[in-house]
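Biologist: Please take one part of this model and look at it closely, beginning with a single ring and working outwards to what surrounds it. Give the cut-offs as you go.

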Amino acid sequence: MRLFFVLLCCLAIPLVAQAADQNNKNNKKQTTQGQQQQKKPQQQQTTGTQSTHHSTNTASQLSNPSHVKGQGQHRGLTAQNNNLPAVQSNTKGTVGTKHHGVNTASQLSNSPQSKGQGQHRGLNAQNNNLPAMQSNTNGKVETKHFNLSNSPNPRIASAKFNQNYRIQGSQNWQGQRYGAFQNYRGQWHNQGWWHNHYDRIVLINGGWYFWNARYWYPAWGYDSAAAYYPYNGPIYAYNNLPPDQVIANVQSTLQAQGYYQGEVDGTLGPITRAALANYQRDHSLYTTEAIDEPTLESLGMS
């Protein structure tokens with residue numbers, strides 16, 4: 001009986017040890033699976049965090065020009081070119097040019113930038129930033145009406161009639177539009193003769209003028225009491241204006257450009273003629289010292 005019990009114990013002990021070992025293996029396996037299951041949510045959470053982070057980076061890339069492909073090179077180029085306009089990305093991720101408001105304002109404020117504007121600015125700078133002419137929508141100077149005296153200017157002497165008078169230098173002025181100056185010869189006639197030959201004769205600043213082929217001329221001999229002519233020669237009659245209004249508009253336009261510093265009085269005296277000569281020389285025109293068609297075109301008046 002005792003022997004039987006010893007044999008039973010010898011058989012039971014290995015079985016119990018094997019069962020315990022199997023139980024330990026099962027416990028370890030369950031523990032490993034639990035740890036793996038715990039790691040998976042962490043990995044999923046990490047993956048989700050990374051995705052969110054990538055989304056944030058993508059948004060910043062679209063809003064931040066530095067993430068645009070090739071932007072670093074462009075910025076280097078910008079630095080080398082003295083702060084040229086920076087680039088800015090749009091919603092599609094493509095690079096667009098950003099124009100700075102300061103540059104645009106400077107371009108617009110100085111008359112739109114067309115070809116030759118730089119030369120015009122340089123000319124203004126040389127002429128002490130002269131004021132611009134008043135112009136209409138067509139780019140021409142607006143015609144004004146001035147309240148002028150109809151009396152001679154005592155400070156300006158009148159020319160004297162000379163039958164052999166020729167406008168000095170007119171033989172060198174080439175072109176049909178200078179023909180009135182090349183062909184000018186003073187004429188002395190009485191009132192009857194003038195009225196028989198010309199329909200328009202007006203009294204301006206103490207002198208009588210007749211109109212012929214777009215020019216005003218002194219009507220010498222029309223009235224000996226009213227023979228005041230500060231300038232003995234043709235005056236281009238643009239816009240159908242009388243001679244004093246033509247002169248006043250020219251004086252105003254030259255004054256706006258800094259060439260004429262005198263009074264706008266409608267009298268073509270020495271100061272006005274000197275201003276015309278300076279303007280004509282600066283603009284490569286014949287120095288006629290007179291109101292001729294090419295000069296008025298250059299001034300934007302005809």
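Modeller: Trp 208 is buried, at 17% relative accessible area. Buried here means under 20% relative accessible area, exposed means over 50%, and partly exposed lies in between, with a 1.4 Å probe and the protein chains only. The model is predicted, so local features need pLDDT of at least 70 and side-chain atom pairs count only at pLDDT 80 or more, while totals for chains, interfaces and linings use all residues. Residues are numbered from 1 along each chain as its sequence is written, and side-chain values use heavy atoms, with hydrogens and water left out.

The ring of Trp 208 belongs to an aromatic pair, which needs a rule. Rings of Phe, Tyr and Trp (for Trp the six-membered ring) pair if their centres lie within 6.5 Å; planes under 30 degrees apart count as stacked, over 60 as edge-to-face and the rest as tilted. That rule gives 20 aromatic pairs. One of them joins Tyr 165 and Tyr 184 edge-to-face, with 6.4 Å from centre to centre and 80° between the planes. Tyr 165 sits in the loop between α4 (117-126) and α5, and Tyr 184 in the loop between α5 and α6 (191-197), so this pair ties together parts that are 19 residues apart in sequence. The partners differ in cover: Tyr 165 is partly exposed at 25% relative accessibility, whereas Tyr 184 is buried at 4%. The pair formed by Trp 208 and Tyr 222 is tilted, because the ring centres are 4.4 Å apart and the planes stand at 40°. Trp 208 is in strand β4 and Tyr 222 in the loop between β5 and β6, so the pair connects parts 14 residues apart in sequence. Tyr 222 is buried, with a relative accessible area of 8%.

The helices and strands named here are DSSP runs numbered from the N terminus, with helices being H or I of at least four residues and strands E of at least two. Counted in this way, the protein has 9 helices and 6 strands.

Trp 211 has a charge over its ring. Arg 200 lies over the face of Trp 211, 5.5 Å from the ring centre. The criterion is that NZ of Lys or CZ of Arg is within 6 Å of the ring centre and within 35 degrees of the ring normal.

Next comes the nonpolar core, a set of buried Ala, Val, Leu, Ile, Met, Phe, Trp, Tyr and Cys residues joined through side-chain atoms within 4.5 Å. The largest such core holds 44 residues, and Ile 235, Leu 254 and Ile 291 touch the most other members. At least two residues each come from α5 (179-182), β3 (201-204), β4 (207-212), β5 (215-218), β6 (235-236), α7 (243-256), α8 (270-282) and α9 (293-299). Helix α7 gives the largest share, 4 residues. With contact taken as heavy atoms within 4.5 Å, and with neighbours within four places in sequence left aside, Ile 235 is in contact with Tyr 209, Arg 214, Tyr 215, Trp 216, Pro 243, Val 246, Ile 247, Leu 268 and Ile 291.

Arg 214, one of those contacts of Ile 235, leads to the charged pairs. A salt bridge requires a side-chain nitrogen of Lys or Arg within 4 Å of a carboxyl oxygen of Asp or Glu, and the whole structure contains 3. Arg 214 bridges to Glu 293, with the closest N and O atoms 3.5 Å apart. This links distant parts of the chain, from the loop between β4 and β5 to helix α9, 79 residues apart. Arg 214 is partly exposed at 43% relative accessible area, but Glu 293 is buried at 9%.

Helix α9 takes part in another bridge: Arg 177 and Glu 297 meet at 2.8 Å, N to O. Arg 177 lies in the loop between α4 and α5 and Glu 297 in α9, so parts 120 residues apart in sequence are tied together. Arg 177 is partly exposed at 36% relative accessibility, and Glu 297 is partly exposed at 40%.

Glu 263 and Arg 155 form a further salt bridge, with 3.9 Å between the closest N and O atoms. Glu 263 is in the loop between α7 and α8 and Arg 155 in the loop between α4 and α5, 108 residues apart. Glu 263 is exposed at 51% relative accessible area, as is Arg 155 at 66% relative accessibility.
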